[in-house]
Amino acid sequence: MLKIVPSILAADFCRLGEDIDSAKEGDMLHFDVMDGDFVPNISFGIPVLRSVRAFTDMTLDVHLMIDDPVRYVELFAQAGADLISVHLEADTHQGIAGALDEMGRCGVKRAVALRPISAPEAILPYVDRLDMVLVMTVEPGFGGQKLIDSQLETVRRVRALLDKYNPGCDLEVDGGVTVQNAGRVKAAGANVLVAGSAIFGQKDRAAAIRALREA
Ligand code: DX5
Ligand code: ZN
């Protein structure tokens with residue numbers, strides 16, 4: 001099933017409630033956590049997630065761009081995450097496996113994320129326990145970048161691995177998704193499209209979400 005997921009990194013944080021409301025036609029809400037170490041930027045974290053959780057019933061898709069994420073899985077789950085993605089580059093195999101176990105224990109959906117440098121096969125040790133794989137189509141850290149076209153090949157290869165080992169698993173693409181390239185992103189095998197600027201950069205967010213859905 002196709003899901004369009006507004007990323008609040010592109011919202012106006014002084015009007016966060018209004019912005020979330022304007023994007024409620026989305027299938028989930030994407031929440032980018034950055035620690036200034038794993039990525040060269042710092043965004044927002046647990047207290048903000050708690051407020052967002054109290055404000056909306058939307059499914060909260062939490063993308064942890066932080067080192068050693070196992071340390072924070074439980075806290076983000078308690079703050080209201082429904083699904084958590086941890087980066088394969090952010091920890092050892094043991095750390096990633098531990099983070100996924102922790103997600104299971106906390107009752108949140110499990111995802112791993114790949115920076116452009118990671119090979120699709122890096123998901124294999126975890127593939128059977130995943131609810132979603134997130135493929136970055138920009139270098140993580142900032143919204144508003146241009147989609148890296150060569151990452152569509154990674155999307156195709158991840159889709160092929162999922163078809164083989166976990167066909168029910170969602171495949172999310174994050175970074176630089178626009179109405180112009182959404183068709184190609186879907187054709188490559190993604191069924192979950194994150195969009196920050198392409199939604200919050202438009203006056204009519206419902207129309208922007210529809211356009212991405214139909215692209
Ligand atoms: C980037 C974030 C993305 C970001 C996407 O590090 O992970 O979720 O919000 O923003 P756009 O759609 O503007 O590229
Ligand atoms: Zn993200």
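How far from an oxygen atom of ligand 1 is an N or O atom in the side chain of Asp174? In this predicted model, the distance between the two is 2.6 Å.

**View 1. Polar contacts of ligand 1 in the predicted model.** Besides the side chain of Asp174, which places an N or O atom 2.6 Å from an oxygen atom of ligand 1, the backbone takes part: a polar backbone atom of Gly196 is 2.7 Å from an oxygen atom of the ligand, and a backbone N or O atom of Gly176 lies 2.8 Å from an oxygen atom of the ligand. Taken alone, ligand 1 exposes 380 Å², of which the protein buries 99%.

**View 2. The shell of residues around ligand 1.** There are 20 residues around the ligand, and Ser7, Asp32, Asp174, Gly196 and Ser197 come nearest. By character, the shell divides into eight nonpolar, ten polar and two charged residues, and its largest share, three residues, comes from strand E2.

**View 3. The largest pocket, whose space is taken by ligand 1.** About 280 Å³ of space lies in this pocket, which is lined by 25 residues, with Gly143, Gly144, Asp174, Gly175 and Gly176 nearest its centre. The elements that give two or more residues to this lining are E2, E3, E8 and helix H7 (197–200), and the lining residues divide into eleven nonpolar, eleven polar and three charged.

**View 4. The second largest pocket, with a volume of about 160 Å³.** Among the residues that line this pocket are Met1, Lys3, Asp27, Lys109 and Asp170, and the lining as a whole divides into three nonpolar, one polar and six charged residues.

Technical notes. Residues numbered from 1 in each chain as written. Chains lettered and ligands numbered in written order. Predicted model: local features only at pLDDT ≥ 70, side-chain atom pairs only at ≥ 80, totals over all residues. Heavy atoms only, no water. Near = heavy atom within 4 Å. Polar contact = N/O pair within 3.5 Å; in protein donor to acceptor, adjacent residues only side chain to side chain. Areas by Shrake-Rupley, 256 points an atom, 1.4 Å probe, with all protein chains shown as cover. 1 Å grid on protein atoms, 1.4 Å probe; cavity = no way out; pocket = protein on both sides within 12 Å on 5 of 7 lines; lining within 4 Å. Sits in = over half its atoms within 2 Å of the grid points. Helix = DSSP H or I, 4+ residues; strand = E, 2+ residues; numbered from the N terminus. Nonpolar A, V, L, I, M, F, W, Y, C, P; charged D, E, K, R; others polar. Points joined across faces, edges and corners; volume = space filled by probe spheres on them.
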